[in-house]
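Reader: I'm new to looking at structures. Could you take me through this one and tell me how the labels are earned?
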Amino acid sequence: MALTIFVLAIFVGFEIITKVPPTLHTPLMSGSNAISGITIVGAIIAAGAGHSTLATILGTLAVILATINVVGGFLVTDRMLQMFKRKS
Amino acid sequence: MIPESVIVLAYLLASVLFILGIKGLTHPRTAVRGNLTGALGMLIAVLATLFHSGIIEYHWIILGLIVGSVMGAVLALKVRMTAMPQMVALLNGFGGAASVLVAAAELIRTPPPPVSDIAIATFASAIIGAVTFWGSLLAFAKLQEYKAFREPIRYPLLQPINAVLGILALGASVLGVLDPSAPGWYWVVVALSSVLGLTLVNPIGGADMPVVIALLNSYSGLAAAATGFVLGNAVLIISGSLVGASGIILTNIMCKAMNRSMFNVLFGVLQEGEQAAKADEVYRTVKSATAEEIAMLFDTARRVVIVPGYGMAVAQAQHAVRDLYHLLESRGIEVLFGIHPVAGRMPGHMNVLLAEVEIPYDKLKELDEINAILNETDVAIVLGANDVVNPLAKTDPKSPIAGMPIIEVDKAKTVVVIKRSLSPGFANIPNPLFAAPNTLMFFADGKRAVLDLVAAIKES
């Protein structure tokens, strides 16, 4: 089942992205990069499961790193796109 | 406590928002909204996860979220647009590292049964995540131009060493998959993959950097997808594969733009050019000109094409370029920009810098479009670009850049090359364009040169 989702999602990805204009290559990359921070979901569970100290430390570190990825990624993309929006 | 089914629905909603968000990012008009849509999807996914039945304590989560948010926000708001490639590389690496840590925590918490798909996914997460993290850190160091990393570290047997590291990492993974309750193998795999990440990116030089950044972006997505398999979580699999697909597409575009195979870029196969010695001969007929002389060209010009390269970013010349653009347009001259796909250090780097100074994006033309009109162009200004305008790509089949599509500025009536010296570009080959009969060299720092040019045009 998971494999099916994986393959279908890759197809969806290719279908959506094939015709992206060069102007948007950088924002697309940093925006999609922010989305790859979805690992945050797993990190939150790992940090809060209260299993062992080691697992909690690893989880908390993962939350920090994934959050930097998510927050930094979306914000920097927005900053870039705001520049594209302005038209003189 | 809200029921599990609600959380699953929230994840489904988040996945849909990610797909819509990325779709939005493919058109200039919908891009801002697309990015916000993706961010909303992430917020929903995070909020839903906080109600997950597996979570029994919250203080570590809250601490992590606060620390990460502050660091991420500071990074994102402080970074200069010219430093964007490094920033993206760094964020990529963090995503990869997070995947490694989540898979590790999961392995400690509930070791999966031996030889299960979850065990396989755990080790895939280790390999991809660690390669992404260390590869991205090294890419960051290279892009930041730290002295120690400017030149690749040379050692023999580059590719065989990579192959051995890869095989060892796979071998240790197989042992780990056979007995996931021995977490030692996991860390062996992480260690081997970390070294592999460094040795893979080490030989890759400046010109190939856009490809590496695109590729690492793809890896960070695949790492997230692998973690999704570990956790059996669809939202991770879906968003991870979306990112993986987008990264591969961009990688492919960059490779095509350089006429390089993905394999050669990946494994750092550098063709050594033999032409370097002939530079003196190539440059015998170089003509240089002053700002005043060049300013006169614009008295009669009707169309000007500016071709920016990484030199423009280094010199922070984009603001001066905007002034030149406005000045020329105010005199009724049509000004267009020719953007090569691999100009700069990441895909679309030049577009971002020009957008920063509010050059309308319909003035930015792609390779084919600009080449079609260059023979009806009066002045082509090459600003800090080298290899992307080198005619050797078309004429010399033995050149390291042979077959690479270039911006054919030599077709313009006059070419002005703004450059500090005749030093070769990343490909390390002389450029016969600089000695062409219709080329004028303007030796100066990119920003200084454009400012002087603006002043000279105003005076003339």
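**How the labels are earned**

Author: Sure, and keep in mind that this is a predicted model. Take the second largest cavity: its lining divides into five nonpolar, five polar and no charged residues.

Reader: What makes a residue of that lining nonpolar or polar?

Author: The residue type decides. Ile339(B), Pro341(B) and Met350(B) are among the lining residues, and Ile, Pro and Met count as nonpolar. Gly348(B) is in the lining too, and Gly counts as polar.

Reader: Why is this space called a cavity and not a pocket?

Author: Because a 1.4 Å probe fits in a cavity but cannot get out, whereas a pocket is open. The search of the whole structure kept cavities of 30 Å³ or more and found two. The second largest has a volume of about 40 Å³, so it passes that cut-off.

Reader: Which helix gives the largest share of that cavity's lining?

Author: Helix H16 (residues 349-356) of chain B, with three residues. Chain A takes part as well, through Pro22(A) and His25(A).

Reader: And what does the second largest pocket look like in numbers?

Author: About 490 Å³ of space lies in it. It is lined by 20 residues, and those closest to its centre are Pro22(A), His25(A), Ile253(B), Pro341(B) and Glu366(B). Helix H10 (234-258) and helix H17 (367-373) of chain B each give two or more residues, with H10(B) giving the most, six. By class, the lining has eleven nonpolar, four polar and five charged residues.

Reader: How do you know that S1 and S2 of chain B are paired?

Author: Pairing takes at least two bridges. Strand S1 (residues 303-308) and strand S2 (residues 334-339) of chain B have four, in the parallel sense, so they count as a pair. Val305(B), for instance, stands opposite Leu336(B) in S2(B).

Reader: What makes S3 and S6 of chain B edge strands?

Author: The order of the open sheet is S3-S2-S1-S4-S5-S6 in chain B, with parallel pairing. Strand S3 (364-366) and strand S6 (439-443) each pair on one side only. Neighbouring strands are turned by 25° against each other on average, direction ignored. H16(B) packs on this sheet, touching S1, S2 and S3 of chain B, and its direction makes about 145° with that of S2(B).

Reader: Where does the label "transmembrane region" come from?

Author: From an unreviewed UniProt entry, which lists several stretches of chain B, including 161-178 and 236-255. In the model, residues 236-255 are 100% helix, with end C-alpha atoms 28 Å apart. Residues 161-178 are 100% helix too, with 26 Å between the end C-alpha atoms.

How values were computed: Residues are numbered from 1 along each chain as its sequence is written. Chains are lettered from A and ligands numbered from 1 in the order in which they are written. This is a predicted model: local features need pLDDT of at least 70, side-chain atom pairs count only at pLDDT 80 or more; totals for chains, interfaces and linings use all residues. Side-chain values use heavy atoms; hydrogens and water are left out. On a 1 Å grid over the protein atoms alone, a cavity is a set of points where a 1.4 Å probe fits but cannot get out, and a pocket is an open set with protein on both sides within 12 Å along at least five of seven lines; lining residues have an atom within 4 Å of a point. UniProt positions are given in the numbering used here, feature names are shortened, and annotations may be inferred rather than shown by experiment. Axes are lines fitted to C-alpha atoms, for helices over the stretch in contact, and angles run from 0 to 180 degrees between N-to-C directions. Contact means heavy atoms within 4.5 Å.
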